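The following exercises concern strand pairing and backbone geometry. Please work through each task before reading its solution.

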Amino acid sequence: GKRVVVLEAGGACAAQDFTQREIAFGDLYLEGGLCATRDLGVAILAGATLGGGTTVNWSTSFRLPAHVGQEWEAESGVSGLQADLAPHFAALERELGIAQVARHNPNNAVIADGCAALGIHHAAMPRNAPRDCGEGCGYCGFGCAYAKKRSTARALLPDVVANGGSIYARTLVERILFDGRRATGVAACSTGTTGERRFTVRARLVVCAAGALRTPSLLARSGVVHPLLGRRLFLHPVAAAFAEFDRPIRTYLGPMQSAYSDEYAALTGNYGVKIEAAPTHPGLAALALPWRDRQAHAAAMDRIGTMATIFALARDRDPGQVSLDRECTVDYAISPYDAEHLAAGSLALFDIAFAAGATRASSLHNDPIVVERAQWNARRRSELDSQIRTAGFAPNRQPLFSAHQMGTAALGSSPANSVTDPFGRVWNREGLLVADASLFPQSSGVNPMLTIMALARRVANAAS
């Protein structure tokens with residue numbers, strides 16, 4: 001019932017604009033796809049285009065697990081949060097057409113087949129894309145060229161325009177405007193083809209949804225002060241492995257993520273790792289493969305078509321932080337607690353790979369740990385466990401990745417433990433809401449898209 005103006009710092013693309021080329025990283029991802037922690041220990045992938053992460057993510061659409069929801073209630077002091085989110089999850093699943101794929105591509109089949117052979121948990125993922133996604137859908141990380149994925153840009157933002165609202169792309173919000181404690185609008189700068197244009201938008205309600213890496217800085221430079229602002233940043237750090245087979249895998253053909261395992265998701269209480277697959281296109285493979293010399297790297301690249309890429313995604317307990325200046329510098333270190341789970345998950349990747357029939361599996365360490373199938377037995381497995389733990393997860397020992405950034409402006413029951421109230425309203429301000437992953441009081445342990453959207457829906461309903 002409200003007239004809405006959307007200001008997007010990134011660009012805007014229609015399906016026909018998506019080229020399925022890796023060069024799109026420069027246009028669709030934060031900092032051109034080169035965002036990372038200060039020490040370069042974790043490479044950070046975050047959408048920076050109309051639709052945000054939903055435009056470039058891999059379609060995975062999990063609800064927040066019930067046991068994590070209970071932890072969130074205890075951490076935030078917001079009772080009933082999990083029950084409040086349930087109808088929003090249900091509505092979103094209908095609006096986004098959540099479904100499973102008709103069949104796994106060879107990359108995801110490694111997880112399904114390997115876990116089945118081991119007799120451990122595996123399942124098909126819920127996805128905001130049709131069941132009939134074909135081979136071309138392995139490029140969805142560069143935008144859906146087939147207009148199939150139900151991203152927010154396709155499923156929800158058209159309603160803004162249809163109801164008299166406006167969308168401005170390549171428009172950076174410089175600061176939120178206030179009259180006393182009440183937000184009255186924003187000052188913005190548009191960088192279109194005709195050059196810079198500064199303007200203001202007057203509004204009765206301002207919703208900040210710049211993501212966990214940018215929302216804190218926007219609030220801070222607008223005069224919002226809180227000791228927890230920018231703190232408690234969670235990244236879901238990811239450690240991956242390459243598994244080679246004597247058959248074509250071609251990770252980049254077919255739906256990008258469709259199989260997973262929760263066998264290791266509760267290694268310590270509700271903390272552990274989720275096993276998933278990654279569509280490794282040649283550029284990303286060249287980045288991730290260890291470098292010893294040109295010859296070895298080229299030989300590995302020649303074999304990339306027979307390599308599967310599977311990874312362990314850690315639900316991190318121990319957070320980092322993002323600075324409140326315009327640099328938005330990320331400081332984050334893998335704690336011993338979270339490293340223990342990444343180590344166990346890394347070992348599990350080898351178990352699953354060999355159970356699925358891999359001829360060779362290797363870690364991504366600078367000095368890679370390589371295991372041949374003929375060597376794989378209980379003794380070699382025990383040695384591998386020691387090798388992984390000895391190598392550890394200090395910065396730049398191996399490439400670690402984050403595609404999920406959460407926290408930094410958490411919701412909660414009081415200003416003492418949170419930046420916003422239970423419904424995303426910034427404490428001690430009026431007419432100012434936060435509605436993105438910044439609200440998470442802890443990491444989710446699952447791909448967070450659906451939880452972000454459910455929280456945003458709950459925030460919007462409370463404000464209407």
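Three exercises with worked solutions follow.

The model is predicted, so local features need pLDDT of at least 70 and side-chain atom pairs count only at pLDDT 80 or more, while totals for chains, interfaces and linings use all residues. Residues are numbered from 1 along each chain as its sequence is written, and side-chain values use heavy atoms, with hydrogens and water left out.

**Exercise 1.** Determine the strand order of the open sheet formed by S5, S6 and S7, and identify its edges.

*Solution.*
Step 1. Strands (E, at least two residues) are DSSP runs numbered from the N terminus, and two of them pair if DSSP finds at least two bridges between them.
Step 2. The order is S5-S6-S7, with antiparallel pairing.
Step 3. Strands S5 (171–179) and S7 (195–202) each have a single partner strand, so one side of each is left without a neighbour in the sheet.
Step 4. On average, neighbouring strands of this sheet are turned by 20° against each other, direction ignored; the axes are lines fitted to C-alpha atoms, and angles run from 0 to 180 degrees between N-to-C directions.
Step 5. Strand S6 (residues 182–192) is joined to S7 by eight bridges. Threonine 191 has glutamate 196 in S7 as its bridge partner.

**Exercise 2.** Establish which strands S9 joins by bridges, and place S9 in its sheet.

*Solution.*
Step 1. Two bridges connect S9 (residues 231–234) with S14 (residues 320–322), and the two run antiparallel. Here arginine 231 stands opposite glutamine 321, and leucine 233 stands opposite glycine 320.
Step 2. Two bridges also connect S9 with S19 (residues 406–407), again antiparallel. Phenylalanine 234 stands opposite methionine 406 in S19.
Step 3. The resulting open sheet of four strands has the order S15-S14-S9-S19.
Step 4. Its edge strands are S15 (330–331) and S19, each of which pairs on one side only.

**Exercise 3.** For arginine 232 and threonine 408, state the sign of phi, the location and the exposure.

*Solution.*
Step 1. As background, most residues other than glycine have a negative phi.
Step 2. Arginine 232 has a positive phi of about 55° and lies in strand S9. With a relative accessible area of 27%, arginine 232 is partly exposed; buried means under 20%, exposed over 50%, and partly exposed in between (1.4 Å probe, protein chains only).
Step 3. Threonine 408 has a positive phi of about 90° and lies in the loop between S19 and strand S20 (432–434). At 1% relative accessibility, threonine 408 is buried.
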